[in-house]
Amino acid sequence: MADDFEIDTDDMQRRMDGAMTNLRTEFASLRTGRASASMLEPVMVDAYGSPTPINQVGTVNVPEPRMVTVNVWDKSLVGKVEKAIRESGLGINPQLNGTIIMLPIPELNEERRRDLTKVAGQYAEHARVSVRNIRRDGMDKIKRADGLAEDEAKMWEGEVQEMTDAYIKKVDRALEEKQAEIMQV
């Protein structure tokens, strides 16, 4: 049975890629002083009795480098969309123009930039924890394997650790890039 033992490294890699994708999504939601449609992705609107992503109740556009607009399709939801944006913690003050909600992106001050770098660090730490949890799952599979030779177990543990280290480096590199982008004036 030990000869047949193999860890599904493709599954582990897929899960670690998922942690990186989640990190990139969280980073995209951080405001860096430039307008981006992705900064509204985490905003949920209470539409028709259930939380709905903002891009499913209107069209999100970036007409200018420092302006995001949301063209709400249903007039009855304009107030709810405005409220969701106001309460999202993005620090943006929506302005109404009929069914279009304009979101002027204010210049970030130094204190807000530092706060955003801390938030980015928290997001990166969550990604590192996810990667380490995947590593732990892999190591547990190795330990539970019946009749696995010690040198073969060490080989598998080394492979799992190597993959983990590579993904932790990717997380750290993504964090450095995002913090540089946030601190850029």
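The following exchange concerns a predicted model, and takes up its cores, its hairpin and its largest pocket.

Colleague: Which helix gives the most residues to the largest nonpolar core?

Modeller: The largest nonpolar core has 29 residues, and those with the most contacts inside it include Met 12, Leu 23 and Ile 142. The elements that give two or more residues to this core are helix H1 (9-28), helix H3 (110-144) and helix H4 (150-183). Among these elements, the one that gives the most, with 10 residues, is H4.

Colleague: How many residues are in the other core, the one that lies apart?

Modeller: In the largest core, Leu 23 is among the residues with the most contacts, and beyond its neighbours within four places in sequence, Leu 23 touches residues including Tyr 123, Ala 127 and Val 171. Apart from that core lies another, with Ala 47, Leu 77, Leu 90 and Leu 103 among its members, and the number of its residues is 22.

Colleague: What is the bridge partner of Val 45 in E2?

Modeller: Strand E1 (residues 44-47) has a covered face, made of Val 45 and Ala 47, while Met 44 and Asp 46 form the uncovered one. E1 is joined by 4 bridges to strand E2 (residues 50-53), and the two run antiparallel. Within E2, the residue that is bridged to Val 45 is Thr 52.

Colleague: How many residues of the lining of the largest pocket are nonpolar?

Modeller: The largest pocket holds about 190 Å³ of space. It is lined by 12 residues, of which the closest to its centre are Ser 29, Ser 88, Gly 89, Leu 90 and Tyr 123. The lining includes 3 polar and 2 charged residues, and the number of nonpolar ones is 7.

How values were computed. Residues are numbered from 1 along each chain as its sequence is written. This is a predicted model: local features need pLDDT of at least 70, side-chain atom pairs count only at pLDDT 80 or more; totals for chains, interfaces and linings use all residues. Side-chain values use heavy atoms; hydrogens and water are left out. On a 1 Å grid over the protein atoms alone, a cavity is a set of points where a 1.4 Å probe fits but cannot get out, and a pocket is an open set with protein on both sides within 12 Å along at least five of seven lines; lining residues have an atom within 4 Å of a point. Grid points are joined across faces, edges and corners, and a volume is the space filled by probe spheres set on the points. Ala, Val, Leu, Ile, Met, Phe, Trp, Tyr, Cys and Pro count as nonpolar, Asp, Glu, Lys and Arg as charged, and the others, Gly among them, as polar. A nonpolar core is a set of buried Ala, Val, Leu, Ile, Met, Phe, Trp, Tyr and Cys residues joined through side-chain atoms within 4.5 Å. Buried means under 20% relative accessible area, exposed over 50%, partly exposed in between (1.4 Å probe, protein chains only). Contact means heavy atoms within 4.5 Å. Two strands pair if DSSP finds at least two bridges between them.
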